[in-house]
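Please look over the sequence and the model below before reading on. The notes that follow take up a set of paired strands and then a helix.

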Amino acid sequence: MLQDLLNLVFFDGCVSCGNTLAKGESQVCLTCLSQLEPTHFHLKQKENDLYFRFAGKVPIAGASGLFYFDKKGRFEKLIHAFKYKDMPEIGQFLGEYFGETLKSSSFLEGIEAILPVPLHPRKELVRGYNQSEKIAEGLQLASHIPMQKNLLKRVRKTETQALKSKSERWDNVADAFAAHQKPPKGVLIIDDVITTGATIEACIRALMAQDNPPEIIKVGSIGVRKAM
Ligand SMILES: [Zn+2]
């Protein structure tokens with residue numbers, strides 16, 4: 001408790017291990033980063049575990065995630081600090097890292113806009129920020145592809161997905177989103193963590209319901225839960 005409080009006030013160390021950051025390091029030290037488990041999905045964007053969560057259900061041109069949730073919980077710790085401890089800079093950092101990773105492949109070719117999954121306004125007010133938007137900001141910085149944060153809107157408040165089964169997750173988010181502007185030809189939808197993919201699937205369906213739906217839709221997240 002006291003440590004948490006001290007961290008909040010004086011924190012300048014690695015958010016994962018707490019060690020002092022070296023020059024050039026930001027948010028997470030290089031040692032901790034090297035212990036996380038990268039998915040490398042961008043190198044096989046239509047042949048990976050994440051892609052197959054959407055294939056056959058919605059049109060998707062590629063899927064990638066930055067890190068897996070590892071058994072030791074290293075990545076979980078980062079995500080927890082990012083989402084629940086008022087540390088939006090972790091998301092920006094990981095988004096930028098994700099962008100640099102994607103740039104080493106053809107994954108971003110044809111992408112004209114980054115669309116963060118919207119949060120319900122009330123939820124955003126409580127958290128102080130939309131976590132997907134923070135990741136998209138980092139991604140924008142690395143890729144120079146603009147983020148369009150108002151294209152997708154959450155039109156219905158949903159319950160948290162955490163304790164729901166696969167089918168309950170879908171029922172919970174179906175029709176929760178709508179596209180409020182004409183989408184560009186190529187878009188990348190960004191979420192913080194993808195589990196079943198139900199939230200992203202609902203976003204894709206909202207885009208496809210437009211008169212001129214995008215021709216290229218890709219999805220990405222900084223965290224991928226291994227298949228349920
Ligand atoms: Zn560390």
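In this predicted model, strand 6 and strand 7 pair in the parallel sense, and eight bridges join them. The chain passes from strand 6 to strand 7 by way of helix 8 (residues 198–208), and this β-α-β crossover is right-handed.

**Strand 6 and its partners**

- Within the pairing of strand 6 with strand 7, Leu-188 stands opposite Lys-218 of strand 7.
- Strand 6 also pairs with strand 3, again in the parallel sense, through four bridges, and here Pro-116 has Ile-190 of strand 6 as its bridge partner.
- Strand 6 is largely enclosed by the rest of the structure, because eight of its nine residues are buried.

**Helix 6: length and surroundings**

- Helix 6 covers residues 131–143, and at 1.5 Å a residue its 13 residues should span 18 Å, which agrees with the 19 Å that separates its end C-alpha atoms.
- The helix is mostly covered, with 11 of its 13 residues buried; among them are Gln-131, Glu-133, Lys-134, Ile-135, Leu-139 and Ser-143.
- The elements that cover the buried residues of helix 6 include helix 3 (74–84) and helix 4 (88–102), together with strand 3 (113–116), strand 6 (186–194) and strand 7 (216–224).

**After helix 6**

- Just after helix 6 comes His-144, which takes a positive phi of about 65 degrees.

How values were computed: Residues are numbered from 1 along each chain as its sequence is written. This is a predicted model: local features need pLDDT of at least 70, side-chain atom pairs count only at pLDDT 80 or more; totals for chains, interfaces and linings use all residues. Helices (H or I, at least four residues) and strands (E, at least two) are DSSP runs, numbered from the N terminus. The expected span of a helix is 1.5 Å times one less than its number of residues. A residue is buried if 20 or more other C-beta atoms lie within 10 Å of its own, exposed if 12 or fewer, and partly exposed in between; C-beta atoms are placed from the backbone. Two residues are in contact if their C-beta atoms, placed from the backbone, lie within 7 Å. Two strands pair if DSSP finds at least two bridges between them. A crossover is right-handed if, with the strands pointing away from the viewer, the path from the first strand over the helix to the second runs clockwise.
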